[in-house]
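Colleague: Before I rely on any description of this model, I should like to hear the grounds for each term. May we go through them in turn?

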Amino acid sequence: MIVLVLNCGSSSLKYRLIQMPAERELAGGEARGVGPPTASVPCIVHRSNGKRTMREVKMPDHAEAFQQVMKLLLENEDHRPDMLGHRIVHGGSLFTDPVVVDGKALKKLEKTAGLAPLHNPPAIELIRACRKFYPELPQVAVFDTAFHATIPACAYTYALPLKQAARLGIRKYGFHGTSHQYVTGETSRFLGIAPERFNGVSCHLGSGGASLCAVVNGKSMDNTMGYSPLQGLVMSTRCGDLDPAVVLKLLHHTHGSTIELEKILNKRSGVLGLSGDSAEIRDVFASVLNSSDPQRRKSLTAEVYLWRLRKYLGAYLTLVGKADAVIFTDSIGENVPLVRWAVCADMESFGLKMDLEKNEKPGSLPADIAAESSMVRILVVSTNEELAIAQQTAATLSANGGRK
Amino acid sequence: MNVLVFIPRLYTLKAYLFSADLKREIFRSSINSYRDCSRLCSSLMELKKKVLHYADHAGSGPPVLLAFRAPFGGSLFRSPQLVDSQSIKNLKSLVTSSPLHLPALLNLLRLTGEVFKDSPAALVFETSFFVDLPEREHMDALDIELIGSLGLRHFGYHGIFHQAACDQLIQQRGLAGAAVRAKTISICLEPRPEVAAVIGRRPVAVTSGSTPLEGLPGASTCGELDPSIVLALARKPGWGPDQINRTLTQESGLKGLTGAQEISLPEVFTSSKNNCRLAREIIRYRILLACGSSKAAMGGVETILFSGRYARLGKRLGPWLAGKLGTNGNGQIGWRLFTRPIEQVIAENALILAGSGKPSKRGYSA
């Protein structure tokens, strides 16, 4: 059984062809420059059998990008997918589990478009195209918010007028759920704990977005992201937590332009806003570590980034209580020992003690980098959202008797 | 010297007269609509008559030291200050950062100066305690140039309580030297509650932001929100900045969650009504997370202090929080209540500034 996993960005389409249940990647790649023409040339970067090729093609929309990807895949007879798994960023309160996409589900899905205006509409457009061009392929939608459906009311409710908030759909949804769920499962297996008994904190630290998730008995209890992926940690270009009065002040500053304000908060803040010239925290660390006289602005960026991360880790470890592990994953979490060290240093009062050598060289993942005496294990785990989506797609279809 | 303490709130001005030894509150008074200049002037004249009468009756007589609670002093006021032309000039320069409170305070200072001629006056600031908050704590992750041009930085807004509670903990326990690095979580239970992490006498983290709106939910204030929510509200037809501001500051928090017209923290904690249950769970949950963050900021915690007008709720929260924070290797955590009222703390601060007082050791119950 072969699953084609599709991850639709605002101007890109990432894909991964995975053979199940062997969990073997057959091919993968990314269609770039989807949408109206820009200065960069639209192309598909394709990986297969250890080879990487690039093909220039016009892709005015995601439907066309999908057809071009299928054309590429079908050049190899063994690369014909049996089913499609879609990553959907926001399922709102309507979707708390993966769903087989039929006409009814598609209609319901359309109602979530406004919750993630950059991501959900192209993903829905893609699903429609898949139904039109490949009606024989069953499709499953897997939601980034679904894992967080177990967050209790005291954590998902903002202190706003209740009825108004409910009417406007304002509540914490949480994001990165597919990744948090996947690494939590991997960690449980690694530690020999039943997944439904695992307690800990998962730190998904990507180079773009980042979030922490408190997990109790295998279920999400809280996530640093909220109503949108803007809340929480300092991210590459997103501000994370911000005083609501400051947002109002900024609205005044932009003369009431919500478009401009959204740009400020989503595209010009975070690491980029603080450092002034780079949205990549690894550049900032390199600049601080490799310069004998680092700019104050750079060291401040690193301090603010790490400080907020540390405070959230403390909050969630307190919430979890007796934790089994703290998990670090995604590009920063897996590859930047400095971040793991800075966040876990002087945290013995939470039961965390790191083995510094193991942290520097964790070896093959998953790896336990905690000291022997640490009460709570510290793990570095590779996330694989595409594989998680493939697993959930296969499982959902199997549970539905392969329904199209 | 007797001390007359002024506490300006949003709509009312509270005044308290204390004897010089602070052992007696001689009388208290409340002035409504004090933002109305002409009414305030006549109310202050009345107040002066009462002050003279009661002080004379109590045998403590004039002169009187005036002490004002100042809600905001920015980075310019690092400690209590005597009112003089320079402090007035500095306060005026901060008006844009605190437009709701400072103009009224400046007006009050001017009129009390006219009514209580020759009485020295002191300003005691809620923000002074937080002036030296570490940069990593007081910075938002915004464009630094924007932060500079808008004058954004985090403060705590209950510094008078936090400082008094931490000072007395240190004095009462006779701590000195290394012990002054005691790791304390200071929880101020006021209508806008606030949690601060304090090492010795130095705050290292606080829940409030550039304004007191950020952080824990208050009686009618929303506390922490996803910034996108403000954006989403701004995009709703008919929702302008004033409507959003009104909703977030006057219709949210405990009021918004319970649907009650007016409700206090103790009512939420003691009520068996259904509409209070969720509000209670939310506030407890947010306090727990704030305490966990504070513990991480300090690398551990030894004592939890409760202060503010609802400090006694600490009896409910203290054992629970100490238990939650004590798992996974933190040592034993103690908790204490600091029950002195704000007016007495302000009076004491003013007397010390005027050179005729010394810190009190009273005010704790365990």
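Modeller: Certainly. This is a predicted model, and chain A has 15 helices and 14 strands.

Colleague: What makes the radius of gyration of chain A agree with that of a compact globule?

Modeller: The rule takes 2.2 Å times the number of residues to the power 0.38. For 404 residues this gives a value near 22 Å, and chain A has 21 Å, which therefore agrees with a compact globule. Along the principal axes, the C-alpha atoms of chain A fill a box of roughly 55 × 55 × 50 Å.

Colleague: What makes a residue of chain A count as buried, and what percentage of the residues do so?

Modeller: A residue is buried if 20 or more other C-beta atoms lie within 10 Å of its own. In chain A, 55% of the 404 residues count as buried.

Colleague: How do you know which residues of chain A are in contact with chain B?

Modeller: Two residues are in contact if their C-beta atoms, placed from the backbone, lie within 7 Å. On that basis 65 residues of chain A are in contact with 62 residues of chain B. Helix H11 (296-320) of chain A is among the elements that give two or more residues to this side, and H11(A) provides its largest share, 13 residues. By residue class, the side of chain A that touches chain B comprises 36 nonpolar, 17 polar and 12 charged residues.

Colleague: On what grounds is chain A divided into domains, and where do they lie?

Modeller: The bounds come from an automatic or database domain assignment, which gives domain 1 (2-143) and domain 2 (183-385) in chain A. The centres of these two domains of chain A, taken over C-alpha atoms, are separated by 28 Å. For chain B the assignment gives domain 1 (2-125) and domain 2 (177-342), with 29 Å between their centres.

Colleague: Why are strand E1 and strand E2 of chain B said to pair?

Modeller: Two strands pair if DSSP finds at least two bridges between them. Strand E1 (residues 2-8) and strand E2 (residues 12-18) of chain B are joined by 6 bridges, so they pair; they run antiparallel. Within this pairing, Val5(B) of chain B stands opposite Tyr16(B) in E2(B).

Colleague: What makes strand E3 and strand E5 of chain B edge strands?

Modeller: Each pairs on one side only. They belong to an open sheet of 6 strands in chain B, with the order E3-E2-E1-E4-E6-E5 and mixed pairing.

Conventions: Residues are numbered from 1 along each chain as its sequence is written. Chains are lettered from A and ligands numbered from 1 in the order in which they are written. This is a predicted model: local features need pLDDT of at least 70, side-chain atom pairs count only at pLDDT 80 or more; totals for chains, interfaces and linings use all residues. Helices (H or I, at least four residues) and strands (E, at least two) are DSSP runs, numbered from the N terminus. Ala, Val, Leu, Ile, Met, Phe, Trp, Tyr, Cys and Pro count as nonpolar, Asp, Glu, Lys and Arg as charged, and the others, Gly among them, as polar. A residue is buried if 20 or more other C-beta atoms lie within 10 Å of its own, exposed if 12 or fewer, and partly exposed in between; C-beta atoms are placed from the backbone.
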